[in-house]
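Let's take a walk through this chain, starting from one residue and working outwards. Keep the 3D view open while you read.

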Amino acid sequence: MAPQDKYTVILPTYNERRNLPIIIWLLNRTFTEHNLDYEVIVVDDASPDGTLQVAQQLQKLYNPQHIVLRPRPGKLGLGTAYVHGLKSATGNFVVIMDADFSHHPKFLPSMIATQKRTNCDIVTGTRYAGDGGVYGWDLKRKLVSRGANLVADTVLRPGVSDLTGSFRLYKRGVLEKVMRETESKGYTFQMELMTRAVGMGCRVEECPISFVDRVYGESKLGGEEIVEYLKGVLSLWLKV
């Protein structure tokens, strides 16, 4: 009998003390209801709002087998948070997602089913195909997101509809291989991961999701990150 699949969810956090208990509850319910083995690795970057202390209480509540804490001493970049979390992963599949409800765990069963049906290397949640969508954003934010995807698609031609999305399911070995080649550390990390994965011949399937703006806290995307993104697109075009 083949061993049961295990799913590792890597959750980078910074000032998510109000969001974390609910997202952990939703993840636990989703995996438990579908009889799936899982662990959640919380990578907190020294949040001043006490996110780590909340995570420690959640670990006691849900068991250290399911909630793994890998804190860091400060804000070191989104990309390196995933790299840091991956070092402790024990699952053969890895989910990367946000902790602020913009990525709802209710879509995980569909993503997992898509992977099992196709045996693909990566399933990426998409806001811009099928019945996917975005809710809670003003027109400016929607235009920025659409524009970012259009620029990346025109320049890099990765063949996916939502290159800037960050809700994905990877075969662990594939993620480890692609991460070794990825240079970005911040908000361009997801884009480079996907572009390099496609360039390596990895098979990617898409799963429509509804993206909802964060419930608590403020978005960490600003003008500086947009400039970084555009520089990242150009850099990838030159390298990949």
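Where does Thr-124 sit? Thr-124 belongs to strand 5, which covers residues 122-126. Keep in mind that this is a predicted model. With a relative accessibility of 1%, Thr-124 falls under the 20% limit and so counts as buried. Its side chain still has a polar partner: the side chain of Arg-168, at 3.4 Å. Beyond its neighbours up to four places away in sequence, Thr-124 touches Asp-162, Phe-167, Arg-168, Met-194, Val-204, Glu-205, Glu-206 and Cys-207.

**The chain as a whole**

Zoom out for a moment. The fold is put together from eight helices and nine strands. Of the 240 residues in the chain, 49% are buried. What share of the contacts with a separation of 6 or more is between residues 24 or more positions apart? That share is 80%. As for the surface, the chain exposes about 11500 Å², and carbon and sulfur atoms supply 54% of that area.

**Two helix pairs**

Now look at how some of the helices pack. Helix 1 (20-33) and helix 2 (51-62) have axes that come within 10 Å and cross at roughly 30°. That angle is under 35 degrees, so helix 1 runs roughly parallel to helix 2. The crossing of these two helices is right-handed. On the helix 1 side the contact is made by Leu-20, Pro-21, Ile-24, Trp-25 and Asn-28, while helix 2 brings in Thr-51, Val-54, Ala-55, Leu-58 and Tyr-62.

Trp-25 is worth a second look. This helix 1 residue has a relative accessibility of 44%, so Trp-25 counts as partly exposed. Trp-25 and Pro-105 are 80 residues apart along the chain, yet their C-alpha atoms are separated by 9.8 Å.

The other pair is helix 3 (residues 78-86) and helix 6 (residues 172-181), whose axes are 11 Å apart and pack at an angle of about 135°. Are helix 3 and helix 6 parallel or oblique to each other? They are oblique, because an angle of about 135° lies outside the ranges for roughly parallel, perpendicular and antiparallel. The crossing here is left-handed. Tyr-82, Val-83 and Leu-86 are the helix 3 residues in this contact, and they meet Arg-172, Leu-175, Glu-176 and Met-179 of helix 6.

**Lys-6 and Thr-90**

Arg-172 turns up again among the contacts of Thr-90, which also touches Lys-6, Thr-8 and Glu-39 once residues up to four places away in sequence are set aside. Thr-90 lies in the loop that links helix 3 to strand 4 (93-96).

What does the side chain of Thr-90 make a polar contact with? The partner is the side chain of Lys-6, at 2.8 Å. Lys-6 is in strand 1, and its relative accessible area of 17% is why Lys-6 counts as buried. Thr-90, by contrast, is partly exposed at 47%. Setting aside neighbours within four places in sequence, Lys-6 is in contact with Asp-37, Tyr-38, Glu-39, Thr-90, Gly-91, Asn-92 and Phe-93.

Glu-39 therefore shows up in the contacts of both Lys-6 and Thr-90. Thr-90 and Glu-39 are 51 residues apart in sequence, with a C-alpha to C-alpha distance of 8.1 Å.

**Two asparagines with positive phi**

Last stop: backbone angles. Most residues other than glycine have a negative phi. Asn-15 goes the other way, with phi near 60°, and so does Asn-63, at about 90°. Asn-15 is in the loop between strand 1 (6-13) and helix 1, and Asn-63 is in the loop between helix 2 and strand 3 (67-69). Both count as partly exposed, Asn-15 because its relative accessibility is 31% and Asn-63 because its relative accessible area is 36%.

Here are the accessibility values for some of the residues met along the way:

| Residue | Relative accessibility | Class |
|---|---|---|
| Thr-124 | 1% | buried |
| Lys-6 | 17% | buried |
| Asn-15 | 31% | partly exposed |
| Asn-63 | 36% | partly exposed |
| Trp-25 | 44% | partly exposed |
| Thr-90 | 47% | partly exposed |

Definitions and conventions: Residues numbered from 1 in each chain as written. Predicted model: local features only at pLDDT ≥ 70, side-chain atom pairs only at ≥ 80, totals over all residues. Heavy atoms only, no water. Helix = DSSP H or I, 4+ residues; strand = E, 2+ residues; numbered from the N terminus. Buried < 20%, exposed > 50% of the residue type's maximum accessible area, 1.4 Å probe, protein only. Polar contact = N/O pair within 3.5 Å; in protein donor to acceptor, adjacent residues only side chain to side chain. Contact = heavy atoms within 4.5 Å. Areas by Shrake-Rupley, 256 points an atom, 1.4 Å probe, with all protein chains shown as cover. Axes fitted to C-alpha atoms, helices over the stretch in contact; angles between N-to-C directions. Parallel < 35°, antiparallel > 145°, perpendicular 65-115°, else oblique. Left-handed = near helix turned anticlockwise from the far one by under 90°.
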